[in-house]
Each structure stands twice: as structure tokens, then as C-alpha cells.
Number of protein chains: 2
Amino acid sequence: MTIRPDFGTSAVIAPDLSGIVQAIHASARCAGSFADEETIRRALSALQRGPIHFHRDKVIACEGEAADYIFVVVSGVVRSCKTYQNGSRGVVAFYLPGDLFGWDDAKCSLSIEAATDVMVLFLKRRALLSLAARDSRIGSYLLAQTTKELGRTQQHSLLMGQCAKSRVATFLTDLWTRLGKPASVDLPMLHQDIADYLGLTIETLSRTITSFEQSGMLKRQSYRKLVLRKPALLSQLID
Amino acid sequence: MTIRPDFGTSAVIAPDLSGIVQAIHASARCAGSFADEETIRRALSALQRGPIHFHRDKVIACEGEAADYIFVVVSGVVRSCKTYQNGSRGVVAFYLPGDLFGWDDAKCSLSIEAATDVMVLFLKRRALLSLAARDSRIGSYLLAQTTKELGRTQQHSLLMGQCAKSRVATFLTDLWTRLGKPASVDLPMLHQDIADYLGLTIETLSRTITSFEQSGMLKRQSYRKLVLRKPALLSQLID
DNA sequence: CGGCAATTTGAAGGCAGTCAATTAAAGTGG
DNA sequence: CCACTTTAATTGACTGCCTTCAAATTGCCG
């Protein structure tokens, strides 16, 4: 069992629920909640299932399936995507360690799949919702999380209207930023996943990265390892 | 003051808050709520402002502006969009009468603008959130509404990865369906808005509609009035 | 009827896609 | 540890869809 390289130090952010519990506790700004941090932890643990391990490309939740669970990524990368009859595919989002997702109703017809080998935690949806009804801190947290994801998705739909260079530059700088601006960026997912996420072919993705390298903006250390030499120049391509 | 043609009968769905109040009441499935329907109505009315009228292309809320309000469309169509330095524009979503929106945090940098002459109701964001903390029915409603919008936005980002014919066919059939499948479809917004929403130019949009007309799938009655003759064929173009 | 705005149509060019071949990297077994 | 196989990524040549720029047409409103 080989765990693929993942998002550096952030990979171990959420080995359990403690990150979420603290986030809920921190986001509580409203009166009326009647549970302390320990209570939240115990309540969440009670409706937790897993974490469960999935190999790359395994389907975690099928499209159209009854959406009984909310997911938390413990390690690795998860993709939310749709495969069409002609074999092409669109990737809506990637989820990294610590991300809570799976709010889309069942009708949304998106498939949740492992983009790398991953560990995923399951939370019973109905139980979580009824918990949110009793403790407004959890409700606020869920709303804030969903709003954040809505914002990201809006940005992504805007990105899809741009040219290839802008899309790739945005993806690389976003990823680099999320990783804490390390010296070198390890792409945790396949180029095919990135291309489907950006609405491009792997050939165009590859050629675009090559053009960035020829401009001196970045350097390839290997297929999946890049060094961003001039991030400022890359950012100028965005918009 | 000329009110432009809008979404037929649905234009008068929400002249006030009654639609939302009922939706909140209906979506209540959790214990712990301590307000009846009349209480909700009064609470919402208290933090309501407007409705206010905006002419087409007027900015309702500027990008980056402190997001103090949540919006409800009373009549007309609102667009959520971003204008780039080079003058191009991307439209993330259209909001129709009855839609509640404006959840995106301030940082999201989207501009809320009138796509037609519109009437918009304002709700104080903080007051609504604290109300949601006290009454879980309102919290659930807000979460459900945000989730619904997230799903729509995901579908839209997928759409942007498709070819022009699929995008236009999807837009037309979706609109036709939302309008209750009437005999003829009145496009309430300009072609430029639709093109920016679909990530196309107005020329490509026009040419695509022309090709649909030549295939006998639809017929133009005027620039903004279409008759979908073979909706099934149009749907086949969607993937 | 006249003038402006919106849409349609036409012709030419560019960016990204497709198909095919090569190279690099990772996994496998001797 | 190295040869072999398989998978992933790069590169090249060509095609096609969509854009761009320009002109004509339609529709709206005074």
C-alpha cells in the first residue's frame, strides 16, 4: 500500500475531527448555543464513520446515489466530477485534507472519487443536520463552509471563461498559495485530472506549462514537481 | 418608467416576503424552533428594506463592498458578474423573482447588477444570521438555499467545459423549463448577458441559434422571442 | 418616419483540439 | 539491482471551432 505524495505538511491537518471541532467553536458568535467544545467533539464522534481508505480512481460516492453522508478528507485529494457518455469528463472541485464537503443534493449527479490514495471520514448527514438544529454554532459553521465552497465554485466558473494560459496560471498559483508557497510545488493529482478541472486537454496543459518554462516563469524538476521562479509574472497572466 | 418583459407569471411570485416565509415554514423538519409563521413574518419584515427599483445595468452592490445585505428579487432579472480590466465580463448567475442570494462573502469580488429593470428587497445580513441562530427553521432554510445555489453553480462550471451548441441548448431548455414550458420563450436579458454567462461571444450565440433554427429545432418570432419546436432534439445536444 | 441600440451575417485569423509518435517515469519480476 | 512492462507526460503536425473585425439588418422608441 503506497500512499501517494500529498499536500506537504497540510496533509496531516485533520487526522481526526479536532480541526473541525475547533473551527466550530471558533466560529460561534451567536448566543443560544448550549454545548461546550467537549460536547461537540463527542456528538460528532458519535455520528462519525471511518476514516476509510480508498485507492486512486475508486468511487467514494456514486452520482445519483442517496446522499446519506457528509465527507471529510483526512489525507490525499478527492475530486468531484461528472463523466459524460462520450467518455469526456468534467471536474468541479478538488478537496484537500481538512475539507468538509458533500452538500450537493443527490440530484446533483456528481461522482465523488479518489484523485490520489485517500483517507476519508464519513458523517451521517441527517444526524449532523439535527445536531445543527440544536446547536447554532454547528449550523453557522455548516453555512459558512457551504458559502465558502460556493465562492470557490463561482470563481471556478469564471475561470472557465478565460484563455488556457490564464487558467493554468491561476491553478498553479492557487495551488502554490494553498501549500504555503513552498520552494517547489508537488502536483498531487494527475495531469488528466487538472486538465479536466480546467476544461482543457492534457496536451494543451502540457504545452502551456512548457511555454511558462520557456518564459522563465517556472522550472520543471520532474513531471509532477515544479519550481515557480517568477510567481509575480504568472499572476499577471490571471484575469 | 418601463418595466421590461420578465419571466411571465413567475414575475409576481414574490411581491413581498410571503413566499419565503412559507418556504421557511415548510422546510422546518427539526425540533427546537420556537416561532410560529406569523413570528417569522414579523421578524423578517423588521429587517427588511425596500423593495427598491433599479434600472437596467445599474449596480446594486459593488464588488468588494461590505456585504451587509442579502437580496431577494421581486421582479425582473439580476446578474452576478465580474468585469475584467480588458473590458471583458463573466456572468456567474442570473437571479429570478423569488430568488434569495448574496451569500458570497465580500472577498468574492462579484458585482450584483440589474440585467433588466428590477425590484429588489434587502435583508440585513447580520440580523438574519442572528435570527437563524435563534430559529433553526430559518437556519435550515438558509442552508438549503445556499446548497441549491451551490448545485446550480457546479452545473454551470461543468457547462463551461462544453462546446457552444451544448451550452446554448442547455441555456435555452433550462430557461424554457423554468418558465413552465410555455409555447414561446421570451429572453428577458440581452444577448450580451447570455453570451457572457455562457462564455461565448454574441456572434457565436447568434450563429448557434441560427443553426438550431435551420435544423428546425426552434423558430425566431423576434430577437428575444423563440419557439422551441423540437425540445427533445435540443436536449440531445446536452451532455 | 427617423435615429439609435441590438442583433445578425460575412470573411479571415488564431487558439485550442485531435491524432500520432516519442520520451520519461513508475511499477514488476527475475 | 537491473531489464522489462506499463502508465503518464511531452512534442509535433494538422484540423476545426470559435473569435475578431466589419458591414448589414432588424426592432424599439421618440
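## A tour of two protein chains and two DNA strands

Begin by selecting His191(B): a polar side-chain atom of this residue lies 3.0 Å from a phosphate oxygen of DNA strand C. Such a pair is a polar contact, meaning N or O atoms within 3.5 Å; within protein, one atom must be able to donate a hydrogen and the other to accept it, and residues adjacent in sequence count only if both atoms are side-chain atoms.

The model is predicted: local features need pLDDT of at least 70 and side-chain atom pairs count only at pLDDT 80 or more, whereas totals for chains, interfaces and linings use all residues. Residues are numbered from 1 along each chain as its sequence is written, chains are lettered from A and ligands numbered from 1 in the order in which they are written, and side-chain values use heavy atoms, with hydrogens and water left out.

### Stop 1: DNA strand C

Keep DNA strand C selected and display the protein around it. The strand is surrounded by 19 residues, and the closest are Ala164(A), Thr204(A), Arg207(B), Thr210(B) and Arg220(B). A residue counts as near a molecule or strand if one of its heavy atoms lies within 4 Å of it. Of the atoms of DNA strand C that come within 4 Å of the protein, 69% belong to sugar and phosphate.

Two residues of chain A are worth labelling here. At Ala164(A), a polar backbone atom is 2.6 Å from a phosphate oxygen of DNA strand C. At Tyr223(A), a polar side-chain atom lies 2.9 Å from a sugar or linking oxygen of the strand.

Next, select helix H7 (202–214) in chain A and in chain B; each of these helices supplies at least two residues of the surface near DNA strand C. Helices (H or I, at least four residues) and strands (E, at least two) are DSSP runs, numbered from the N terminus. H7(B) gives the most to this surface, with four residues. By class, the surface near DNA strand C has six nonpolar, six polar and seven charged residues. In this division, Ala, Val, Leu, Ile, Met, Phe, Trp, Tyr, Cys and Pro count as nonpolar, Asp, Glu, Lys and Arg as charged, and the others, Gly among them, as polar.

### Stop 2: DNA strand D

Which residues come nearest to DNA strand D? Of the 19 residues around the strand, they are Arg207(A), Thr210(A), Arg220(A), Ala164(B) and Thr204(B). Sugar and phosphate make up 67% of the atoms of DNA strand D that come within 4 Å of the protein.

Three residues of chain A can be selected in turn:

- Arg56(A) has a polar side-chain atom 3.4 Å from a phosphate oxygen of DNA strand D.
- Ser206(A) places a polar side-chain atom 2.9 Å from a sugar or linking oxygen of DNA strand D.
- Arg207(A) has a side-chain N or O atom 2.8 Å from a base nitrogen of DNA strand D.

The elements that give two or more residues to the surface near DNA strand D are H7 of chain A together with H7 of chain B. H7(A) gives the most, with four residues.

### Stop 3: Where chain B meets chain A

Hide the DNA and colour the two chains separately. In this interface, 34 residues of chain B are in contact (heavy atoms within 4.5 Å) with 35 residues of chain A. The buried area is about 3200 Å², with carbon and sulfur atoms giving 66%; buried area is the accessible area (1.4 Å probe) that two parts lose on being put together, summed over both. Select Leu143(B), Gln154(B) and Leu158(B), which supply 19% of the area that chain B buries against chain A, more than any other three residues.

How many salt bridges does the rule find across the interface of chain B and chain A? The number is zero, where a salt bridge is a side-chain nitrogen of Lys or Arg within 4 Å of a carboxyl oxygen of Asp or Glu. Two residue pairs are in polar contact between the chains (both at pLDDT 80 or more). Strand S5 (89–95), helix H3 (125–134) and helix H4 (136–159) of chain B each supply at least two residues of the side that touches chain A. H4(B) gives the most to that side, with 14 residues.

### Stop 4: The two domains of chain A

Finally, colour chain A by domain: domain 1 (18–157) and domain 2 (164–236), with bounds from an automatic or database domain assignment. Here 15 residues of domain 1 are in contact with ten residues of domain 2. The area buried between these domains is about 1000 Å², of which carbon and sulfur atoms give 57%.

The rule finds four salt bridges across this domain interface. Select Arg89(A) and Asp193(A), which form a salt bridge with the closest N and O atoms 2.7 Å apart. Strand S5 (89–95) and helix H4 (136–159) of chain A are the elements that give two or more residues to the side of domain 1 that touches domain 2. S5(A) provides the largest share of that side, six residues.
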